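Me: I'm new to this structure and would like a close look at just one part of it. Could you take me through how its charged side chains pair up?

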Amino acid sequence: ETEINDGYDTLEWVANLPESNGLVGMYGFSYQGMTQLYCAISQHPSLKTICPAMVAYDLYSDWAYENGAFCYQLNLAWAIQLAAETARLKQDFSAYQILFLASRNLPIYGLSSILEETLRKYCPSNFYFQWLKHDRNDEYWRNLSPKNYFENIDLPMLHIGGWFDTYLRGTLNLYKEMEKKSKFQQSLIIGAWGHLPWGNKVGNKFFTDKANNKINEIQITWFNKYLKGVETTNLFSKNIKLFQMGKNKWINRKTFQGQNTTEFYLKSTGLANINDRDGRLVKNNQDNYDFQEDIIIHDFWRSTPSIGGHSSIPNGVFDRRELDNRSDIVTYTSAIFKEDIEIMGEIELEIYATADTETFDLSAILSQEFKDGKVYNFTQGYIKVNNLDRAKNQPIKFSLQSTCIKLEKNTSLRLSIAGADFPAYSINFGKNNYQYNYQNIDIKPITIKIFSGEKMPSKLILKRDKIP
């Protein structure tokens with residue numbers, strides 16, 4: 001709440017240190033990336049450039065919630081960590097022990113009374129409980145989000161993200177807005193990284209030594225240019241540097257989004273949740289092919305578990321073979337590719353679906369299936385659907401995490417859809433209110449129907465560089 005004023009005072013102090021030339025640059029990731037944005041908002045004349053890494057531009061949609069769904073596991077873990085550090089600094093060691101132990105064994109099924117009392121006491125500004133309370137993008141979020149104060153802000157910026165970072169959409173939203181309006185250089189680097197660490201392995205996937213982090217050297221080069229006037233290399237000639245998974249190499253580009261679009265339509269026998277071969281992804285929405293529905297049951301007693309991706313702990317790439325055999329997951333798999341396919345940028349879903357409750361969730365995960373049967377996720381998305389607000393017989397549209405990957409020939413593309421991804425996201429019990437939880441004795445399983453066919457053509461939309 002005080003970052004803007006504190007940032008201004010800090011910049012004033014740094015700019016007037018004895019050996020300072022009066023020009024200041026900032027770097028740092030996550031919350032230290034956020035403080036850069038707030039410092040920029042202060043418009044101190046000494047701040048000449050920033051390097052925000054893995055940030056939320058809009059606190060509601062880029063951090064706390066994803067398409068209306070509360071990012072439960074990461075938000076709770078961060079709240080407990082901050083509360084524990086606050087208790088330690090205040091030397092309340094009994095409270096610190098309660099919070100520290102909770103951080104080691106995250107209480108994903110609810111807070112005990114003593115833990116909740118301790119968390120409320122030491123969680124800064126009680127933000128965790130405020131975030132739960134404000135589950136729509138209302139005035140509370142508009143007052144906090146950097147996005148709403150950035151209209152007149154313009155600086156050279158080096159934007160840094162990761163394909164499996166939970167805040168990638170914030171990094172990209174900030175970059176895209178600045179790239180449109182800025183008169184200064186805006187550069188973007190995205191690696192095959194999660195929020196931490198930034199290395200050559202994320203989850204169970206090794207992306208070779210080429211994926212290693214060289215951000216420190218790049219930032220030094222950047223600061224040499226904008227704080228000292230020394231340009232030693234032409235690293236940013238195309239302004240965008242992306243790590244392409246699959247091919248496992250860095251590529252330089254002038255634009256982020258792939259220039260071609262390919263659509264895959266969902267096709268099913270109606271048993272795509274029973275047999276992982278009964279659901280298919282097909283390129284042509286053939287005339288008059290049969291309408292079909294797949295039914296999945298979201299049972300809160302055994303919610304579909306999280307594994308990898310960008311919003312769970314741990315994040316990254318994991319083999320989904322066993323998980324995709326669950327009957328509460330429907331899978332749609334393409335034919336084996338005869339040529340390599342390059343995917344780049346946003347991935348969109350248009351799903352015709354409904355449920356027998358006020359609200360329901362959809363989790364969508366894209367994976368690459370290999371000839372040996374292994375199924376490795378590479379991007380995903382999540383949405384909370386409000387049945388009361390939407391028009392009937394209209395598709396549910398939402399974006400998955402942006403990505404950059406080459407799918408090699410002799411592999412396939414798989415889409416997995418479920419009604420939960422827990423504990424990455426809060427369990428949806430069919431009500432609008434997230435306070436509606438396990439304590440309510442009338443909660444029931446949710447029946448979700450996924451439709452496909454000529455009349456309800458559910459489809460996956462990819463941005464591509466090349467079409468085979």
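What follows is a walk through the salt bridges and the helix that takes part in two of them.

Reply: Before we start: this is a predicted model, where local features need pLDDT of at least 70 and side-chain atom pairs count only at pLDDT 80 or more, while totals for chains, interfaces and linings use all residues. Residues are numbered from 1 along each chain as its sequence is written, and side-chain values use heavy atoms, with hydrogens and water left out.

Now the basic idea. Side chains of opposite charge can pair when their charged atoms come close. In this structure there are 16 salt bridges (a side-chain nitrogen of Lys or Arg within 4 Å of a carboxyl oxygen of Asp or Glu). Let's look at some of them.

A good place to begin is helix α9, which covers residues 168-181. Helices here are DSSP runs of H or I with at least four residues, strands are runs of E with at least two, and both are numbered from the N terminus. What length should the 14 residues of α9 span? At 1.5 Å a residue, they should cover 20 Å, and the C-alpha atoms at the two ends are indeed 20 Å apart, so the expectation and the model agree. (The expected span is 1.5 Å times one less than the number of residues.)

Next, which residues of α9 are tucked away? The buried ones (under 20% relative accessible area; exposed is over 50% and partly exposed is in between, with a 1.4 Å probe and protein chains only) are Leu168, Arg169, Gly170, Thr171, Leu172, Leu174, Tyr175 and Met178. So a charged residue, Arg169, is on that buried list, with a relative accessible area of 16%.

What does Arg169 pair with? Its side chain meets that of Glu66 in a salt bridge, at 3.6 Å from N to O. Glu66 sits in strand β3 (residues 65-66), so the pair ties α9 to a part of the chain that is 103 residues away in sequence. Glu66 is buried too, at 3% relative accessibility.

Stay on α9 and you'll come to Lys176, which makes a salt bridge with Glu346, their closest N and O atoms being 3.7 Å apart. This pair also links distant parts of the chain: Glu346 belongs to strand β15 (residues 341-355) and Lys176 to α9, 170 residues apart. The setting is not buried this time: Lys176 counts as partly exposed at 27% relative accessibility, and Glu346 is partly exposed as well, at 25%.

If you put the two side by side, α9 offers Arg169 to β3 and Lys176 to β15. The Arg169 pair is buried at both ends, whereas the Lys176 pair is partly exposed at both ends.

Now let's leave the helix and look at a bridge between two strands. The side chains of Glu369 and Arg414 meet at 3.5 Å, N to O. Glu369 lies in strand β16 (residues 359-369) and Arg414 in strand β19 (residues 412-418), so this pair joins parts that are 45 residues apart in sequence. Like the Arg169 and Glu66 pair, both partners here are buried.

Does the story of Glu369 and Arg414 end with two residues, or does it go on to others? It goes on: Arg320, Asp324, Glu369 and Arg414 are linked in a network of salt bridges.
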